[in-house]
Amino acid sequence: MPWNRVLGSTEGPASAARALGPWHPQEFLAECVEIVPEVGGMLTFVFRRLDGAPLAFRPGQYVNIAFPVNGEGGDPMDRSYSLSSSPTKPWTFDITVKRDPKGRVSPWVHENIGPGTVLEMLGPVGAFHLPDVDRRARYLLLAAGAGITPIMSMLRTIHSLPGQADVVVLYHGAEPGGFAFHQELGYIATVDSRVTVHFSLGDRSAPADWAGLTGRLSTAMLDEVAPDANGRQVYACGPEGYLNNVSELLAAVGVDDTSIHMEFFSGDRETTLEYQAEVALAEEIAEEIAEEIADSAEEYYESQPSALGMYEPAYDDEGPLEATGLLLEAADPDLAEPDPVDSEVPAAEAEPEVTAEPSAPDVSAFDTVGTGTLTLSFVRTGLNVLINPEEKILGVAKQAGVRIGANCQEGMCGSCKVVKLSGDIEMNHQGGIRSREIEAGKFLPCCSTALTDMVIDA
């Protein structure tokens, strides 16, 4: 399946790309790039990751988002929203939010989120999703109200992929004009012979021109739309009362518990605690993955011959990225420490050499640029850069022309890691560097500010 394609990634210096696997949630920043109005008081928000990576997920999963509803300096409010887009198009992803007039977050989202808005996210999260492999893909997808969003991700995914499938969708809404995605659902049912879509108005009176079903979900309705329901995998999403009814009716028509999968859009305290536990576990996994990425980068660059003096750029499954648009260059040999071993022997495999503590390089002859009260001396570049204590080191360095590869720029990926030869910093990273690396003098300039004058190996 496309959403777990990273399983085929080859082991190597870029094995950190495995972090894109859907069972590997990550903390990341995402920017809104488009808003799509939906009916039923919903808006679809299209996002992209700021680090440029795709978001790999299983259809049906959700992301946990921190919304700054309390303003700058206030505590954000976390909410989880299902992904309504297909993971077969991973470079952008959608969440669809229904406005609840009594809610605190959804009205703020509708009024304040727009193209250019950047939010902190954690994901993907959740066990409610299609299987990775299904030789007999026969599904009954049940949705009520806003519960259509994860179901839409599932349907879009199936429709975008070739192969045999048999899918029945039953969507309950409050009024004829209140079915979100109704045009797309009708189109898919028209052009894809594997898919059948039914709309039902629930217990509302139907207008004369209504061609869909009426009435709440019942065993008779299930027999009408899917007489073979007990031979299908059932995925249902909606309010708590709707799903409680679904559970009873499915049992009545002979569907086994192991074939029933549910996602509550509103639930009791027990359900809320279950979601909190899922998010907490995802946070732990995200921290472990960030450490794995840092280790992967460290092992790769430490395996290079030290005489090359390579910069540490971002990387993908093809190898290093030239994130600055400039070719990688060898360090000035006059500035590099002599290598006591053959240049073809990786430094990581060479016997350690006991040497005297190296003397600090003379930076007095370097050109000086910028403004600020502190001085950053970049020995490979041969440049002194003035900086103020509140400024992030990476931004100032790159503006001055210092070549430091960078990807996430939030302290998560570890791609901007450099060595601090002298000086003190304050670093607020998100798992992109390990304790032993910090002890060895390495730091992440993307999330660090200078406390004193510094000398940096870059």
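## A tour of the core and a helix pair

Start by selecting Ile151. Setting aside neighbours within four places in sequence, Ile151 touches Phe128, Leu141, Leu142, Ala143, Tyr235 and Cys237. Keep in mind that this is a predicted model.

Next, widen the selection. Ile151 belongs to the largest nonpolar core, which has 29 residues. Add Val167 and Leu185: along with Ile151, they have the most contacts inside this core.

Now colour the elements that build the core. Two or more residues come from each of these: strand E7 (138-144), H2, strand E8 (166-172), H3, strand E9 (195-200) and strand E10 (233-239). Which element gives the most? That is H2, with six residues.

Then show two helices alone. Select H2 at residues 148-160 and H3 at residues 182-191. Their axes come within 12 Å and cross at roughly 30°. An angle under 35 degrees counts as roughly parallel, so H2 is roughly parallel to H3. The crossing of H2 past H3 is left-handed.

Turn on side chains where the helices meet. On H2, pick Ile148, Met152, Leu155, Arg156 and His159. On H3, pick Glu184, Leu185, Ile188 and Val191. What kinds of residues make this contact? Six are nonpolar, one is polar and two are charged. Leu185 appears again here, as part of the H3 side of the contact.

Last stop: go back to Ile151, one of the residues with the most contacts in the largest core. Apart from that core lies another, of 26 residues. To find this other core, select Val396, Cys416, Val418 and Met427, which are among its members.

How values were computed:
Residues are numbered from 1 along each chain as its sequence is written. This is a predicted model: local features need pLDDT of at least 70, side-chain atom pairs count only at pLDDT 80 or more; totals for chains, interfaces and linings use all residues. Side-chain values use heavy atoms; hydrogens and water are left out. Axes are lines fitted to C-alpha atoms, for helices over the stretch in contact, and angles run from 0 to 180 degrees between N-to-C directions. Helices (H or I, at least four residues) and strands (E, at least two) are DSSP runs, numbered from the N terminus. Angles under 35 degrees count as roughly parallel, over 145 as roughly antiparallel, 65 to 115 as roughly perpendicular and the rest as oblique. A crossing is left-handed if the near helix is turned anticlockwise from the far one by less than a right angle, and right-handed if clockwise. Contact means heavy atoms within 4.5 Å. Ala, Val, Leu, Ile, Met, Phe, Trp, Tyr, Cys and Pro count as nonpolar, Asp, Glu, Lys and Arg as charged, and the others, Gly among them, as polar. A nonpolar core is a set of buried Ala, Val, Leu, Ile, Met, Phe, Trp, Tyr and Cys residues joined through side-chain atoms within 4.5 Å. Buried means under 20% relative accessible area, exposed over 50%, partly exposed in between (1.4 Å probe, protein chains only).
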